[in-house]
Amino acid sequence: MALITLALGRGADAPAIEPLAAPPYPGPNSELWHVSVPAPGAIDCDIHPALPSMQALVPYLDEYWRAHITMRGLERDNYTASAFPPNAPINVRPDWKPANGNAGTDSELLRTQALDAFDTRYAICNVLHGAQAIFSEDLSAAMCRAINDWLAAEWLSRDDRLRASIVVPMHSPELAAQEIERMAGDQRFVQVLVWEMGELPLGRRIHWPIYRAAERHDLPIGIHAGSSYRHAPTNLGWPSYYLEDYVSWSTGFAGVLNSLISEGVFVEFPRLKVVLMESGVTWLPGWMWRADKTWRGVRAEVPWLEKSPAAYAREHVRLTVQPFDAPPRADQLQRIIEEIGSDEMLLFATDYPHWHFDDKDALPDGLSESLTRKILVDNALKTFPRLSP
Ligand code: ZN
């Protein structure tokens, strides 16, 4: 495997740095894969098929938008989500990259590398695409419609293990709710996908039409790491480096929970679940402590909350474990789960084909069989009603 050598630094004499090579490719039968996957396989809550080009969407656009895409010269753009630039080596495991095109565009590779390799029962496709962040609400809605139809026709119909999240134009909650209603009849769509950081905090009432439609159709809201970059992705302003940007995302997730809970989303929508994807996990006990402690002091300003923020989180919030910022030993992880106060919040994910998958360390050694089974299968079945027969 070729290593890419980058010359980093501010001077011509800066030393060349070799990024880490990809770890060996695991599979359930590999001795590297430390988890015994229960038959008939784990539920992978976050994989990323990618749109190969704007041309691929053209057949799924109506006549008006086909004409506009051509007239505006948009067919040469791919509106890639800049939170995950596809050419950045850090974003894609080299061993999961096809010979041609971007990672995640080859359905045969996805089948062998992500589904067969882990004996996957179901995998939920989350298409991370700039369509959700486009300023024109109409163009955004048209592209989201096309992506959902492309997903159904070119991925879900080709492998019955695949499920998907509905991509919606987040900056127009009214059009987003319409898209949920349009797609909800297709039971292979099991979730609604939104970005962690958008134009407004996700709890604000302007977003509630999305939650109303999602709850009506038993669809959790999947909140994926990343930003539409309407605002700086850190609390302090615009950072200089991707390192700062990426590391800051977990604080964005804390803000998401503050907003959803304080605004009363789970009071208004008592059956709604949200799934935080790529948020990490170990920040949660600290957030729970701060949120509950502060709520006890100022709860008069949010009288609609009937219980503490941590209690709402335990009931309504789930987190994928990839990347898993878990401590190295199972007893340490067990302690974190005790601090969280629930063993039903964690969901397995590979994050295929992104770099972040930890293969042999996806789950720490020594987890109890029952907790492993909950993370790999049972918690997902309870979170996504549409995955149950
Ligand atoms: Zn992901």
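Trainee: Where does Glu278 lie?
Mentor: Glu278 is in the loop between strand E8 (274–277) and H9. Keep in mind that this is a predicted model.

Trainee: What about its phi?
Mentor: Glu278 has a positive phi of about 65°, although it is not a glycine.

Trainee: Is Glu278 buried or exposed?
Mentor: Glu278 counts as buried, because it has 25 C-beta neighbours inside 10 Å. The cut-off for buried is 20 or more.

Trainee: Which other residue that is not a glycine has a positive phi, of about 55°?
Mentor: Tyr229. Tyr229 sits in the loop between strand E7 (221–227) and helix H6 (242–247).

Trainee: How many C-beta atoms surround Tyr229 within 10 Å?
Mentor: There are 17 others, so Tyr229 is partly exposed.

Trainee: Back to H9. How do the axes of H9 and H10 cross?
Mentor: Helix H9 (residues 284–298) and helix H10 (residues 309–316) have axes that come within 7 Å and cross at roughly 135°. H9 and H10 are therefore oblique to each other.

Trainee: Which residues meet there?
Mentor: From H9, Met288, Ala291, Asp292 and Trp295. From H10, Pro309, Ala310 and Ala313. The contact of H9 with H10 has six nonpolar residues, no polar ones and one charged.

Trainee: And H4 with H5, what's the angle between their axes?
Mentor: The axes of helix H4 (residues 173–183) and helix H5 (residues 208–216) cross at roughly 15° and come within 8 Å. That makes H4 roughly parallel to H5.

Trainee: Is that crossing right-handed or left-handed?
Mentor: The crossing of H4 and H5 is right-handed.

Trainee: Which residues of H4 and H5 meet?
Mentor: H4 brings Pro173, Glu174, Ala176, Ala177, Ile180 and Glu181. H5 brings Pro209, Ile210, Arg212, Ala213 and Ala214. The contact of H4 with H5 divides into eight nonpolar residues, no polar and three charged.

Trainee: New topic, cis peptides. Where is the cis bond at Pro353?
Mentor: The peptide bond from Tyr352 to Pro353 is cis, with omega near 0°. Pro353 is in the loop between strand E10 (346–347) and helix H12 (369–383).

Trainee: What about Ala50, where is its place?
Mentor: Ala50 is in the loop between strand E3 (43–47) and helix H1 (63–71). Ala50 is buried, since 22 other C-beta atoms lie within 10 Å.

Trainee: How far is Ala50 from Cys125 in sequence and in space?
Mentor: They are 75 residues apart in sequence and 9.4 Å apart in space, C-alpha to C-alpha.

Trainee: And contacts across the whole protein chain, what share join residues at least 24 apart?
Mentor: It is 79%, among contacts between residues at least 6 apart in sequence.

Trainee: How many helices and strands in the protein chain?
Mentor: Twelve helices and ten strands. Of the 389 residues in the protein chain, 42% are buried.

Trainee: What does the pLDDT average?
Mentor: The protein chain averages a pLDDT of 86, and 85% of the residues score at least 70.

Trainee: Where does pLDDT stay under 50?
Mentor: Residues 1–10 are one such stretch, and the model has 19 contacts for them beyond four places in sequence. Over residues 22–34 the pLDDT is also below 50, with 23 contacts in the model beyond near neighbours in sequence.

Trainee: Why be careful with low pLDDT?
Mentor: Because predicted coordinates should not be read in detail where pLDDT is low.

Methods
Residues are numbered from 1 along each chain as its sequence is written. This is a predicted model: local features need pLDDT of at least 70, side-chain atom pairs count only at pLDDT 80 or more; totals for chains, interfaces and linings use all residues. Axes are lines fitted to C-alpha atoms, for helices over the stretch in contact, and angles run from 0 to 180 degrees between N-to-C directions. Helices (H or I, at least four residues) and strands (E, at least two) are DSSP runs, numbered from the N terminus. Angles under 35 degrees count as roughly parallel, over 145 as roughly antiparallel, 65 to 115 as roughly perpendicular and the rest as oblique. Two residues are in contact if their C-beta atoms, placed from the backbone, lie within 7 Å. Ala, Val, Leu, Ile, Met, Phe, Trp, Tyr, Cys and Pro count as nonpolar, Asp, Glu, Lys and Arg as charged, and the others, Gly among them, as polar. pLDDT is the predictor's confidence in each residue, from 0 to 100. A crossing is left-handed if the near helix is turned anticlockwise from the far one by less than a right angle, and right-handed if clockwise. A residue is buried if 20 or more other C-beta atoms lie within 10 Å of its own, exposed if 12 or fewer, and partly exposed in between; C-beta atoms are placed from the backbone.
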